[in-house]
Amino acid sequence: MAKKINPNRADTTLALPRRQFLQAGLAGTALAASGAIGTATAAGLGVPDWSRQLGASVDDAPYGKPSHFESTVIRRSVEWLTATRESSINFTPLYALDGIVTPNGICFERHHSGAAAVDPEQHRLMIHGMVERPLLFTMADLMRLPRISKFHFLECAANGGMEWRNAQLNGVQFTHGMIHCVQYTGVSLRTLLEEAGVKPKAKWLMVEGGDSAGMNRSVPLDKALDDCMVAFAMNGERLRVEQGYPLRLVVPGFEGNMWVKWLRRIEVGDESWQAREETSKYTDLMPDGRARRFTWEMDCKSVITSPCPENPVVAKGPNVISGLAWSGRGSIKRVDVSLDGGKNWTEARIDGPVLPKCLTRFYLDGWSWNGDQVYMQSRAIDDTGYVQPQMTELQKVRGVNSVYHNNAIQTWFITKTGEVENVRLA
Ligand code: MTE
Ligand code: CO
């Protein structure tokens, strides 16, 4: 039975069943002795209750849910992080996921004034400013235009923001969980802008949300014409309310803040708007006291999602090492794993699709834990040749005043009992 977890606990060490086994000293005793996984005979399989009776009928759950045994796989927030729950954030449970797709119900949420309850019938998207033909679209209008579908990650610029000075949060959900990756379907922004006819002197867009925060950002026109999308679907179904239903902007590779939800207005102009979210927020304070602005791209980054604090190592012998890598500047070229705190590296196996500006899954096969302490790290390299830095390297350039854009290498410390801790190597 899974132990109940307080979803708002600041101490984020999760009491998962495996950990209880571990403490009880029961984990993998047979495995350690034989070196094999599973037993050779089926003796003791028995006939459990679920094999003796009929199961649930069709339509029992017209919209299905995960097994109740998976009820701890949920978004979680950190109580002390924000003043209110409407202007707040929660985290994707990366420790429980495989492959590259995030299920819709557990994509992290970041709202500045709560998730707006927008009626799609009444919703409109306006495009105006420096255009030949100002346009007003209903959702039905947008649904009649040519569509595209693309997989992309969305990472909040503040992901890892609490880890700049030292290792702080003990769980990959909290150190790296301001990220999700889904397949978006919608209309290319280029299609809409061509329909409106952008005037030659235009250089910027202002994109604005329909929530009460009216959150807005400036987007350079060349990015808008390159690969941005006005999306109405994620993973095959309509957007979830939390993700901007019925319409959100997709800005591949750029910081999550620019992916305006409940999108209602696009103004075309020749200068940036100097919005709150690109002046007082989402700028990077440098060691000399000056701030870097318009640092849109999410740099190449990776993290091991198993083992991790939520996924302790349960037994000596073979164990899976797996993680995620991504880059806002292109595709993942290679991922290396170190078992000695970054001294030696082994190339990991990349599995599944390798797509630009998308999560990429990797595995290090053949790891056999002998019970020793391990400092485990992963390091991603993208197709621009950029190598994910150690925190000491990143701090040489950025100092320790930053909140945003922490893409440093993560260290997991595996203790002799197989527990995993978030640590910082000097
Ligand atoms: N758009 C609007 N209208 N309002 C918001 O509060 N939050 C932004 C962005 N778009 C926000 C928004 C931030 S900071 C991030 S990181 C992403 O949405 C989060 O997207 P998600 O909630 O789908 O994870
Ligand atoms: Co954000």
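Here is a short, friendly walk through this structure, point by point.

1. A word on the model. What you have in front of you is a predicted model. The chain holds 7 helices and 25 strands, and those strands will take up a good part of this note.

2. Overall form. The chain has 426 residues, and a compact globule of that length would have a radius of gyration near 22 Å; the value here is 23 Å, which agrees. If you turn the C-alpha trace onto its principal axes, the spans come to about 75 × 60 × 40 Å.

3. Inside and outside. How much of the chain is buried? Buried residues account for 50% of the 426 residues. The surface that the chain exposes comes to about 20,000 Å², with carbon and sulfur atoms supplying 52% of that area.

4. Contacts along the sequence. Take the contacts between residues at least 6 apart in sequence: 71% of them join residues at least 24 apart. It may help to keep that percentage in mind while you follow the strand pairings below.

5. Charges. The chain carries 48 positive and 46 negative charges. The mean positions of these two sets are 2 Å apart.

6. Strand β15. This strand covers residues 301-306, and 5 of its 6 residues are buried, so the rest of the structure largely encloses it. Its partner β17 (residues 321-326) runs antiparallel to it, and 5 bridges join the two. To find the pairing on your screen, look for V303, which stands opposite L324 in β17. As a general guide when viewing such pairs, side chains in a regular strand alternate between the two faces of the sheet.

7. A cis bond after β15. The peptide bond from S306 to P307 is cis, with omega near 0°. P307 itself sits in the loop between β15 and β16 (317-318).

8. An open sheet. Five strands form an open sheet in the order β19-β18-β23-β24-β25, with antiparallel pairing. Which strands stand at its edges? They are β19 (346-347) and β25 (420-423); each has a single partner strand, so one side of each is left without a neighbour in the sheet.

9. Within that sheet. Strand β23 (residues 374-382) pairs with β24 (residues 411-414) over 4 bridges, in the antiparallel sense. A handy landmark here is Q377, which stands opposite T411 in β24.

10. Another cis bond. The peptide bond from Y245 to P246 is also cis, with omega near 10°. Where does P246 lie? Look in the loop between β10 (237-238) and β11 (248-250).

11. D59, a residue with positive phi. D59 is not a glycine, yet its phi is positive, at about 70°. The residue belongs to the loop between α2 (29-34) and β1 (88-89). Is D59 buried or exposed? Its relative accessible area is 66%, so D59 counts as exposed.

12. N235, with positive phi as well. Phi of N235 is near 50°, again a positive value in a residue other than glycine. You will find N235 in the loop between β9 (229-234) and β10. With a relative accessibility of 26%, N235 counts as partly exposed.

Terms used. Residues numbered from 1 in each chain as written. Chains lettered and ligands numbered in written order. Predicted model: local features only at pLDDT ≥ 70, side-chain atom pairs only at ≥ 80, totals over all residues. Heavy atoms only, no water. Rg over C-alpha atoms; globule rule 2.2 N^0.38 Å. Buried < 20%, exposed > 50% of the residue type's maximum accessible area, 1.4 Å probe, protein only. Contact = heavy atoms within 4.5 Å. Areas by Shrake-Rupley, 256 points an atom, 1.4 Å probe, with all protein chains shown as cover. Lys, Arg positive; Asp, Glu negative; His and termini not counted. Charge placed at Lys NZ, Arg CZ, Asp CG, Glu CD. Pairing = 2+ DSSP bridges.
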